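User: Hi! I'd like to walk through this model with you, one question at a time. Could you reason each answer out for me?

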Amino acid sequence: MRVFLLMLLMVSIMGPSAYGQGSLNAIVDGLTNIEYDFSRWPYPLYAEVSERLQELAVQYPEIANLQTIGKTAEGRDIWLMEITSSSTGSGDSKPGLWIDGNLHAHEVNGRVRAMYFIERLLATYGVDEVVTRLIDSRVFYIVPMFDADGGERSLTRHPAWTGHEPNRQAGSDLNGDGYISSMRIKDPDGWWYESPQDSRVMLRLRARDDGRWNYVATEHDETKYWRSSGQQVVGSTTVGAASRWMSTGEGPPPIEHQVPPEERYSIYTEGMDSSYPIDDINLTVNGFERNVGMESPPSDFNRDWGAEWRPDEPGGGPFPFSVPEVRAAAYFITEHKNIFFQYNMHADQTARNYTARPGLHHPYDWMAPEDNEFYTRIGAVWSAMGGGNIIENNYYSQEIAAGAYTDVQHGCEIDWAYISRGIHALMPEGMAIGKDYDGDRYVTVQEILRWNDEDKEGKFWGHWESFQHPTLGVVEIGGPLGIPPALDERMREESNLHYRFLLHIADLAPALKIADLSAERIAEGEYRVVARLQNQGYLATYVSRKALEIRRDNPILARLEIDTGEVLGGGALQNAGHILGKHSYLWRWGAGADESTKTVEWRVRAESGAEVSIEVRAAQAGRDRRTIILEG
Ligand SMILES: [Zn+2]
């Protein structure tokens with residue numbers, strides 16, 4: 001009920017035209033479910049997804065254009081599906097939305113969601129009014145398998161799985177159980193300790209700035225935190241959960257747990273040596289390396305982007321854009337100036353469910369108020385649609401409130417989008433394993449373990465068992481085993497959520513139109529041509545204040561063409577600057593204000609009966625063209 005009321009509230013705040021023809025309701029209610037197997041497991045491999053993309057391009061030639069934006073490190077094509085109606089103009093003449101999935105190797109849910117988005121968009125063109133309008137007026141660039149190599153390694157990782165190639169994997173199956181899982185070894189300097197609640201779960205320590213070892217929020221505790229803060233924030237105008245509880249004095253669990261050296265462990269990938277230490281918190285749940293790499297040094301595809309990149313960032317690689325896949329994507333995005341939004345879908349398979357916003361290391365007021373307000377509004381929509389926790393960033397992580405903020409995650413895609421390109425961006429995390437036993441819409445690690453034990457016969461999370469290692473002595477092998485199947489209903493729910501939210505985002509693009517074109521005779525053989533330009537979209541034509549600040553905005557260019565005659569003074573081509581969108585003037589002056597038009601004038605010398613055409617374009621706001629006959 002609360003969700004429904006908030007949706008109505010959002011519509012009334014923004015007014016129906018912010019979404020086109022009342023499209024928000026249509027997006028929510030007009031679900032046209034297509035056939036899609038959400039419980040598919042094992043997940044489809046690269047070859048199968050590639051084949052399906054090719055089939056779709058053949059099946060929908062008018063709206064689907066499959067391209068490759070480059071090659072992966074191992075020589076696979078990085079597929080990009082471009083979806084737009086070719087009958088209404090080329091893709092790059094329309095506002096563009098970039099969507100990528102499976103950027104992190106093991107986050108294969110991202111490829112499922114991206115493929116679902118593609119399938120449903122294509123299948124409902126001409127059927128669903130909103131989809132039809134968006135495909136006609138926007139372009140979607142979707143990369144379902146960003147890290148195609150890593151995805152393949154993750155999905156063929158275990159000896160018992162199809163396609164397994166031992167020489168492509170880090171680690172090996174020492175105990176012969178069919179899995180390459182984890183080895184833990186007692187180590188007084190180790191970063192891990194055993195959860196007091198379940199001995200299978202390993203929790204991570206982290207050093208504070210003062211060098212003291214401290215308890216930090218773990219998956220389990222973090223879940224409690226996210227859950228409580230998320231509930232408080234729904235319906236409020238506060239963007240982030242964290243800022244909310246910081247202001248109310250509520251915080252994460254107190255720092256109280258000092259772990260003695262004899263209870264600490266180091267964890268490695270199961271294998272002949274300790275070449276592959278595990279130091280990522282996600283691995284407590286997943287048991288997979290990010291971008292499972294045999295290369296040295298391994299790079300994290302979401303630490304390699306050239307904004308706020310740091311050489312000391314774990315996974316940052318030797319220099320920005322050192323990863324060919326990241327370079328290919330950045331090149332495509334830079335070349336396509338029409339892209340106004342980047343959606344970088346993650347699927348950590350942890351219990352977290354949120355979407356991160358750019359400025360990962362900055363308080364919200366670091367961002368221009370107008371941009372900050374934009375994230376507040378889309379965050380409220382995300383939450384109202386069922387997105388769980390509202391938009392977050394790292395600065396407001398639980399650790400900073402605990403006085404132990406660790407400044408990590410530099411060089412991320414969304415920061416590059418916003419900071420270097422002035423493009424709005426979001427980084428949603430997903431969760432699609434486990435079971436929500438208590439019905440609170442969040443799944444804790446304890447609930448994942450219970451699901452593993454009761455529904456999955458313990459197949460996805462093992463106990464630690466002692467093993468005599470050939471060179472390392474006694475070790476224990478166990479932990480998470482393999483990529484578990486997504487639960488059908490949750491995968492369906494999440495895929496629908498992202499689908500609907502993305503249509504909403506697409507709807508917020510600036511939309512440049514010639515609202516009115518007139519000409520009057522001002523002297524013998526001389527006319528004044530006046531075009532009234534309008535931004536019918538939600539965002540301003542500059543998209544973000546950041547874009548203006550870094551001069552990556554794409555101004556409106558208006559060109560006059562005349563069949564017989566000449567343009568007097570000023571030239572045929574004019575830079576018309578920018579026009580605010582509904583967001584800008586709502587935010588500045590409130591409902592009722594309208595700064596969405598701008599007038600451009602030319603003087604021409606021509607005979608009566610001459611034909612004058614005006615074409616306007618702004619890279620991220622689309623194009624429009626109108627013709628008038630000079631008379632009088
Ligand atoms: Zn990820």
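User: Strand 16 and strand 20 pair over how many bridges, and in which sense?

Analyst: Happy to help, and please keep in mind that this is a predicted model. One point of register between the two strands is Ala531, whose bridge partner in strand 20 is Val600. Strand 20 covers residues 597-605. Its pairing with strand 16 is antiparallel, over nine bridges.

User: How many bridges join strand 15 to strand 16, and which residue in their hairpin takes a positive phi?

Analyst: Strand 15 (residues 512-523) and strand 16 run antiparallel and are joined by 10 bridges. Within that pairing, Arg521 stands opposite Tyr527. The hairpin has two residues between the strands, and the one with a positive phi, near 65 degrees, is Gly525.

User: Which side chains of strand 16 point to the buried face?

Analyst: In a regular strand the side chains alternate between the two faces of the sheet. Strand 16 (residues 526-535) shows this alternation, with Glu526, Arg528, Val530, Arg532 and Gln534 pointing to the face where the side chains are not buried. The buried ones, on the other face, are Tyr527, Val529, Ala531, Leu533 and Asn535.

User: What is the order of the strands in the open four-stranded sheet, and which strands stand at its edges?

Analyst: The strands of this open sheet are ordered 19-17-21-22, with antiparallel pairing. The twist averages 20 degrees from one strand to the next. Each edge strand has a single partner strand, so one side of each is left without a neighbour in the sheet; the two are strand 19 (573-577) and strand 22 (622-629).

User: Which residue stands opposite Ala558 in strand 21?

Analyst: Strand 17 (residues 556-562) and strand 21 (residues 611-618) run antiparallel, and six bridges join them. In strand 21, the residue opposite Ala558 is Val616.

User: What distance separates the end C-alpha atoms of helix 3, and what should the helix span?

Analyst: Helix 3 (residues 46-59) has 14 residues. At 1.5 Å a residue they should span 20 Å. The end C-alpha atoms agree with that, being apart by 20 Å.

User: Which residues of helix 3 are buried, and what arc do they cover?

Analyst: The buried residues of helix 3 are Tyr46, Val49, Leu53 and Leu56. They lie on the same side of helix 3, because the arc they cover around the axis is only 95 degrees. The face turned away from this buried side carries exposed residues, including Glu48, Glu51, Gln54 and Glu55. To sum up, Tyr46, Val49, Leu53 and Leu56 share an arc of 95 degrees.

User: What do those buried residues of helix 3 pack against?

Analyst: Two of the elements they pack against are strands, and two are helices. The strands are strand 1 (64-71) and strand 2 (77-83), and the helices are helix 4 (109-124) and helix 6 (148-155).

User: Which residues does Phe117 contact, leaving aside its neighbours within four places in sequence?

Analyst: Phe117 belongs to the largest nonpolar core, of 112 residues, and is one of those that touch the most other members. Ile99, Ile142 and Leu502 are also among those residues. With near neighbours in sequence left aside, the contacts of Phe117 are Ile99, Ile142, His498, Tyr499 and Leu502.

User: Where does Asn102 lie, and is it buried or exposed?

Analyst: Most residues other than glycine have a negative phi, and most peptide bonds are trans. Asn102 is not a glycine, yet its phi is positive, at about 60 degrees. Its place is the loop between strand 3 (96-101) and helix 4. Because 30 C-beta neighbours lie inside 10 Å, where 20 or more are needed, Asn102 counts as buried.

User: And Val543: which loop holds it, and what is its phi?

Analyst: Val543 is buried, with 32 other C-beta atoms within 10 Å. The loop that holds Val543 runs between strand 16 and helix 16 (545-549). Although Val543 is not a glycine, its phi is positive, at about 70 degrees.

User: How far apart in space are Arg421 and Ala307?

Analyst: Arg421 lies in helix 13 (residues 413-421) and is buried, with 23 other C-beta atoms within 10 Å. In sequence, Arg421 and Ala307 are 114 residues apart. From C-alpha to C-alpha, their separation in space is 9.7 Å.

Methods
Residues numbered from 1 in each chain as written. Predicted model: local features only at pLDDT ≥ 70, side-chain atom pairs only at ≥ 80, totals over all residues. Buried ≥ 20, exposed ≤ 12 C-beta atoms within 10 Å, placed from the backbone. Pairing = 2+ DSSP bridges. Expected span 1.5 Å × (residues − 1). Arc of directions from axis to C-beta. Contact = placed C-beta atoms within 7 Å. Axes fitted to C-alpha atoms, helices over the stretch in contact; angles between N-to-C directions. Core = buried A, V, L, I, M, F, W, Y, C linked by C-beta atoms within 7 Å.
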